[in-house]
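Visitor: I have a new model on my screen and would love a walk through it. Could you take my questions one at a time?

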Amino acid sequence: MTEEILKKIKQLPPLPESAMQIESVYQDPNSTFNDMVKILEKDPLLTADILKAANSPLYGFSREINAISQAVGLFGMGTVRGFALASIVKKSFTLDLSPYGIDSDVFSQLSKRQHSLITAWCLRKEAKLLGILSPAAFLVEIGKVLIAQQIIGDKSEQKFRDALAALGDVEAAEREVVGVDTPEVSATVFEHWRFEAGLVETIRNCQNPDKAKEEFRKSAQILHVVRTAVPINGVMTDASTAAAKELIIRYGLDMESFDKALENA
């Protein structure tokens, strides 16, 4: 981690109380469905954000979801926690992704598409992993915001664009120009905010899952696949899905469920 990026992370404001309450309920093995609903309903703006996310056509529900209890019932506590944390965390940042050639709308769509693909792929057979994978899919790219700030501050935009063109790999270009990549920055942000170890470990190792602790290796593998399938512009292509499927074969993951998830992507 570079000193400049680490300084930016340490200067981030603490998360609001609502985020801490959500985490407390989620981490408590004795908490219930209703405990989560009660916490979320206390914040009308957050409730509105969650319902807007849950009603995205990416999830394919034919009827409108109009209550937090309905959202938690359909998606589960882990996924709704992901919706909530994504809304809260992104409001802590000023988004300028111009060095990457994308705007805030594309960045938001990127996160949504990665999240919807993970949800569709894992909801039936890997639902236990969604407690980590749901927020990870929404939040893994947040490190790009701080890296973009550093590139702009250093007036290195052209150098970064040249590196992107030469290397053809976003993370490799980040490491060459800034000295650190998105997963490492994102993981350090959530470590700073004291999120649970599984989320931090999954994000930090999502490009190199073999480095993850054994209990979090599969979630890191799944996140690697999804980030490969849904590139930075949020648009899946034949090439990106083929590369993702190569990873699925390498990791021994469930190809049948992935193909079904792609049908609705």
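Visitor: Thanks! With which residue does Arg 204 form a salt bridge?

Guide: Happy to help, and please keep in mind that this is a predicted model. Side chains of opposite charge can pair when their charged atoms come close. For Arg 204, the closest N and O atoms of the pair are 3.2 Å apart, inside the 4 Å cut-off for a salt bridge. The partner is Glu 184.

Visitor: How many residues apart in sequence are the parts that this pair ties together?

Guide: Arg 204 lies in helix H13 (residues 197–204), while Glu 184 belongs to helix H12 (residues 182–192). The pair therefore ties together parts whose separation in sequence is 20 residues.

Visitor: Is Glu 184 buried or partly exposed?

Guide: Its partner Arg 204 has a relative accessible area of 23% and is partly exposed. Buried would require under 20%. Glu 184 comes out at 25% relative accessibility, so this residue counts as partly exposed.

Visitor: In the salt bridge of Asp 181 and Arg 175, what is the N to O distance?

Guide: The two partners sit in unlike surroundings: Asp 181 is buried, with a relative accessible area of 12%, whereas Arg 175 is partly exposed at 42%. Their side chains meet in a salt bridge, with an N to O distance of 2.7 Å.

Visitor: Which helix holds both Glu 256 and Lys 260?

Guide: These two form a salt bridge, with their closest N and O atoms 3.6 Å apart. They are four residues apart, about one turn of the helix. Lys 260 counts as partly exposed, at 46% relative accessibility. The helix that holds both is H16 (residues 255–263).

Visitor: How many salt bridges does the count come to?

Guide: Some of them share partners, and in this way Glu 141, Lys 144, Glu 171 and Arg 227 are joined into one network. The pair of Asp 181 and Arg 175 is also a salt bridge. The count of salt bridges comes to 10.

Visitor: How many disulfides does the structure hold?

Guide: A disulfide is a covalent bond between the sulfur atoms of two cysteines. Cys 122 is buried at 1% relative accessibility, and Cys 206 is buried at 0%. The cysteine sulfur closest to that of Cys 206 is in Cys 122, 14 Å away, which is too far for a bond. The number of disulfides in the structure is zero.

Visitor: How many residues of helix H8 are buried?

Guide: H8 covers residues 130–139 and is largely enclosed by the rest of the structure. Its buried residues include Gly 131, Pro 135 and Phe 138, and what covers them includes H2, H6, H7, H12, H13 and H14. The buried count for H8 is 10 of the 10.

Visitor: Which residues does Ser 219 touch, leaving out those up to four places away in sequence?

Guide: Ser 219 is placed in helix H14 (residues 214–229). At 3% relative accessibility, this serine counts as buried. Two of the residues touched, Ile 132 and Leu 133, are among the buried residues of H8. The full set for Ser 219 is Ile 132, Leu 133 and Thr 202.

Visitor: Which members of the largest nonpolar core touch the most other members?

Guide: This core has 82 residues, and its largest share, seven residues, comes from helix H6 (residues 77–90). Leu 40 has contacts that include Ile 22, Val 80 and Ala 84. The members that touch the most others are Leu 40, Trp 121 and Phe 190.

Methods:
Residues are numbered from 1 along each chain as its sequence is written. This is a predicted model: local features need pLDDT of at least 70, side-chain atom pairs count only at pLDDT 80 or more; totals for chains, interfaces and linings use all residues. Side-chain values use heavy atoms; hydrogens and water are left out. Helices (H or I, at least four residues) and strands (E, at least two) are DSSP runs, numbered from the N terminus. Buried means under 20% relative accessible area, exposed over 50%, partly exposed in between (1.4 Å probe, protein chains only). Contact means heavy atoms within 4.5 Å. A nonpolar core is a set of buried Ala, Val, Leu, Ile, Met, Phe, Trp, Tyr and Cys residues joined through side-chain atoms within 4.5 Å. A disulfide is a pair of cysteine sulfur atoms within 2.5 Å.
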